[in-house]
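Please look over the model shown here. The report below takes up local contacts, helix packing and backbone geometry.

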Amino acid sequence: MPIRIVLAEDQYLVREGLRRLLETRDALEVAAVCGDLDSLLEAVDAERPDVVVTDIRMPPGSTDEGIQAATRLRETNPEVGVVVLSQYATPSYVLALLEGGSERRAYLLKERVTDLEQLVGAIEAVADGGSVLDPKVVEALVAENARAEDSPLNELTPRERNVLREMAEGKNNAAIAEALVLTERSVEKVIHSIFLKLGLTWEPAVHKRVKAVVLYLAESG
């Protein structure tokens, strides 16, 4: 069965471009397209999608409607994954998205849309209960908080920093090992060391690890 998607974007050309891109994949089915928050929520009720792909800003307010939709769906349709597309690598938006839990949530910069593999990967991840954060958002959080002299981030080794970034992007141990050319056992040891240095509780679930790391980075800034 293909992953059923409701797509929300207020700009017609962008919306149609996204729809056509997604429809090139047999594993995806665009069930509905919308241009504002109200029609998005109505489409979810009518179509029962697996995933919502939504712009962060849409009518009626053009502020953070994508985040609002994700928050509301957490209560009304918790089984639906949400991929938020944004032009802004803003920590406050990411934290708002993850406030009710990081499972089935992804935050990608709009520039990633040109890389269909990344977008499809995020859709598949949230459909499967996982979470994904844009690498640029993670990089900005790490860089900002490492500037403080007393930050525990300064105690991390280069390898630990690399693993931290991969982990915060929502990758499991196997994916981190492949990306950094390490064994899974080595990755597990490095993650234990990272959590110990940052004073975080060990979490085996990927989406919980993502939220723990992002919350740490946000609060330590």
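## Pro49 and its contacts

Setting aside neighbours within four places in sequence, Pro49 touches Arg4, Ile5, Val6, Val44 and Val80. The model is a predicted one. Pro49 sits in the loop between H2 and E3. Its relative accessibility is 4%. Buried means under 20%, so Pro49 counts as buried.

Another approach involves Ala31. The C-alpha atoms of Pro49 and Ala31 are 7.2 Å apart. Along the chain, 18 residues separate the two.

## H2 against H3

One of the contacts of Pro49, Val44, also takes part in a helix pair. Val44 belongs to H2, where Leu37, Leu40 and Leu41 join it in meeting H3. On the H3 side the residues are Glu65, Gln68, Ala69, Arg72 and Leu73. By class, this contact holds 6 nonpolar residues, 1 polar and 2 charged.

H2 covers residues 37–47 and H3 covers residues 65–76. Their axes lie 10 Å apart, at an angle of about 30 degrees. Angles under 35 degrees count as roughly parallel, so H2 and H3 fall in that class. The crossing of H2 and H3 is right-handed.

## H7 against H8

How are H7 and H8 oriented to each other? The angle between H7 (residues 158–168) and H8 (residues 173–180) is about 130 degrees. That value lies outside the roughly perpendicular range of 65 to 115 and is not over 145, so the pair is oblique. The axes of H7 and H8 are 10 Å apart. Their crossing is right-handed.

H7 supplies Asn162, Val163, Glu166 and Met167 to the contact. H8 supplies Ile176, Ala179 and Leu180. These residues divide into 5 nonpolar, 1 polar and 1 charged.

## The loop between E3 and H3

Most residues other than glycine have a negative phi, and most peptide bonds are trans. The loop between E3 and H3 holds Pro60 and Ser62. A cis peptide bond links Pro59 to Pro60, with omega about 15 degrees. Strand E3 spans 51–55.

Ser62 is not a glycine, yet its phi is positive, about 50 degrees. Is Ser62 buried or exposed? Ser62 is partly exposed, with a relative accessible area of 39%.

## Arg104

Arg104 also has a positive phi. The value is near 65 degrees, in a residue other than glycine. Arg104 is found in the loop between H4 and E5. Helix H4 spans 91–98 and strand E5 spans 105–109. At 23% relative accessibility, Arg104 counts as partly exposed.

## The aromatic pair

How many aromatic pairs does a search of the whole structure find? The search finds 1. The partners are Tyr88 and Tyr93. Their ring centres are 6.2 Å apart. The planes stand at 55 degrees, and the pair is tilted. An angle over 60 degrees would be needed for edge-to-face, and one under 30 degrees for stacked.

Accessibility is given for both rings' residues. Tyr88 is partly exposed, with a relative accessible area of 27%. Tyr93 is at 16% and counts as buried. The cut-off for buried is under 20%, so the two tyrosines fall on opposite sides of it.

Note on methods
Residues are numbered from 1 along each chain as its sequence is written. This is a predicted model: local features need pLDDT of at least 70, side-chain atom pairs count only at pLDDT 80 or more; totals for chains, interfaces and linings use all residues. Side-chain values use heavy atoms; hydrogens and water are left out. Axes are lines fitted to C-alpha atoms, for helices over the stretch in contact, and angles run from 0 to 180 degrees between N-to-C directions. Helices (H or I, at least four residues) and strands (E, at least two) are DSSP runs, numbered from the N terminus. A crossing is left-handed if the near helix is turned anticlockwise from the far one by less than a right angle, and right-handed if clockwise. Contact means heavy atoms within 4.5 Å. Ala, Val, Leu, Ile, Met, Phe, Trp, Tyr, Cys and Pro count as nonpolar, Asp, Glu, Lys and Arg as charged, and the others, Gly among them, as polar. Rings of Phe, Tyr and Trp (its six-membered ring) pair if their centres lie within 6.5 Å; planes under 30 degrees apart count as stacked, over 60 as edge-to-face and the rest as tilted. Buried means under 20% relative accessible area, exposed over 50%, partly exposed in between (1.4 Å probe, protein chains only).
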